[in-house]
Amino acid sequence: SEGLTRFNDNRRLHIFVADVATHRARQLTTGDYYEHSIQWSPSGREILFVSNHGADPDRVFNYDVFAVDAASGAIRQITRTPAPEYQPVWSPDGRRIAYLGTKRALTSSETTMEDTHVWVMDADGTNRRELGQSIDNRQRAPRWSRDGTALYTVVQVRGDTKLYRLPLGAGAPSVVVGDEGQVGSWSLTPDGGVVYAFGSPTEPAALREVGRDGAARDLV
């Protein structure tokens, strides 16, 4: 009957671009899919996103990584895996893409039933590898170092959250912030350090900076 509301109104979340000069918006994606986690490529030619284009996307939870050409609207599917991918990000030079991923095909909208780990691949989807494999804990959205040689991620370790650095080349992941407590919002500094919000069970919330030498100091 009229006046009733529904959990799903059958509208889909799509990608639009707006022209700043003319204030006109143009829709890039269509179809019975939801697109989200968007990011412009460094060249400005493509927009990265995730979407579930499976045969039964409302029942089978499996996001893949896509890119849409901002001028033509042409879409290329970058991953075709049995498990979902999340929060992809371009490398500074646009040659690689990092993202969160899992391996198990059994997923639902409530949980992936597996810890998400940081993965990296070439921009065309080849050479996929699990960069965070040696860290047996849930990892959060990856972020590239300014020179593109490493990725950073916040890792849930029991009751704490720690900030890790994962090199693309040789070397093991290292802990950047490993104190007992919670790393909140954080940002890389131009000289290779990290500024971050931090709270612990024994002290009030603080804003801190850790330099390339690993020494931390309170800012606020």
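How many bridges pair β17 with strand β18, and in which sense, parallel or antiparallel? In this predicted model, β17 and strand β18, the latter spanning residues 216-218, pair in the antiparallel sense over 3 bridges. One position to look at is Val-210, which stands opposite Ala-216 in β18. The two strands form a hairpin with 5 residues between them, and the turn holds Gly-214, whose phi is positive at about 90°.

β17 also has a partner in strand β16. Here, β16 covers residues 194-200 and β17 covers residues 203-210; the two run antiparallel and are joined by 6 bridges. Within this pairing, Ala-197 has Leu-207 of β17 as its bridge partner. The connection from β16 to β17 is a hairpin through 2 residues. Taken together, β17 is thus seen in antiparallel pairing with β16 and with β18.

Two residues of these strands invite a closer look, and Ser-200 is a good place to begin. Ser-200 lies in strand β16, whose residue range, 194-200, ends at this position. Ser-200 counts as buried because its relative accessibility is 14%, and the cut-off for buried is under 20%. The side chain of Ser-200 reaches across to the backbone nitrogen of Glu-203 at 3.3 Å; the range of β17, residues 203-210, begins at that number. When residues up to four places away in sequence are not counted, Ser-200 touches Glu-180 and Gly-181.

Leu-207 offers the second view. This leucine is placed in strand β17, where Leu-207 is the bridge partner of Ala-197. How accessible is Leu-207, buried, exposed or partly exposed? With a relative accessible area of 32%, Leu-207 is partly exposed, because that class lies between the buried limit of 20% and the exposed limit of 50%. On the surface, Leu-207 joins Leu-219 and Val-220 in making a nonpolar patch of about 260 Å².

A further hairpin is found earlier in the chain, and it can be read in much the same manner. Strand β13, residues 160-167, and strand β14, residues 174-177, pair in the antiparallel sense over 3 bridges. Tyr-164 has Val-175 in β14 as its bridge partner. The hairpin of β13 and β14 has 6 residues between the strands, and Gly-171 takes a positive phi near 115° there. A glycine with positive phi is therefore noted in this hairpin, as Gly-214 is in the turn between β17 and β18.

Definitions and conventions. Residues are numbered from 1 along each chain as its sequence is written. This is a predicted model: local features need pLDDT of at least 70, side-chain atom pairs count only at pLDDT 80 or more; totals for chains, interfaces and linings use all residues. Side-chain values use heavy atoms; hydrogens and water are left out. Two strands pair if DSSP finds at least two bridges between them. Helices (H or I, at least four residues) and strands (E, at least two) are DSSP runs, numbered from the N terminus. Buried means under 20% relative accessible area, exposed over 50%, partly exposed in between (1.4 Å probe, protein chains only). A polar contact is a pair of N or O atoms within 3.5 Å; within protein, one must be able to donate a hydrogen and the other to accept it, and residues adjacent in sequence count only if both atoms are side-chain atoms. Contact means heavy atoms within 4.5 Å. Patches are made of residues with over 30% relative accessible area and no salt bridge: like charges are joined within 9 Å, nonpolar side chains (Val, Leu, Ile, Met, Phe, Trp, Tyr) within 5 Å. Accessible areas come from the Shrake-Rupley method with a 1.4 Å probe; for residues, only the protein chains shown count as cover. A salt bridge is a side-chain nitrogen of Lys or Arg within 4 Å of a carboxyl oxygen of Asp or Glu.
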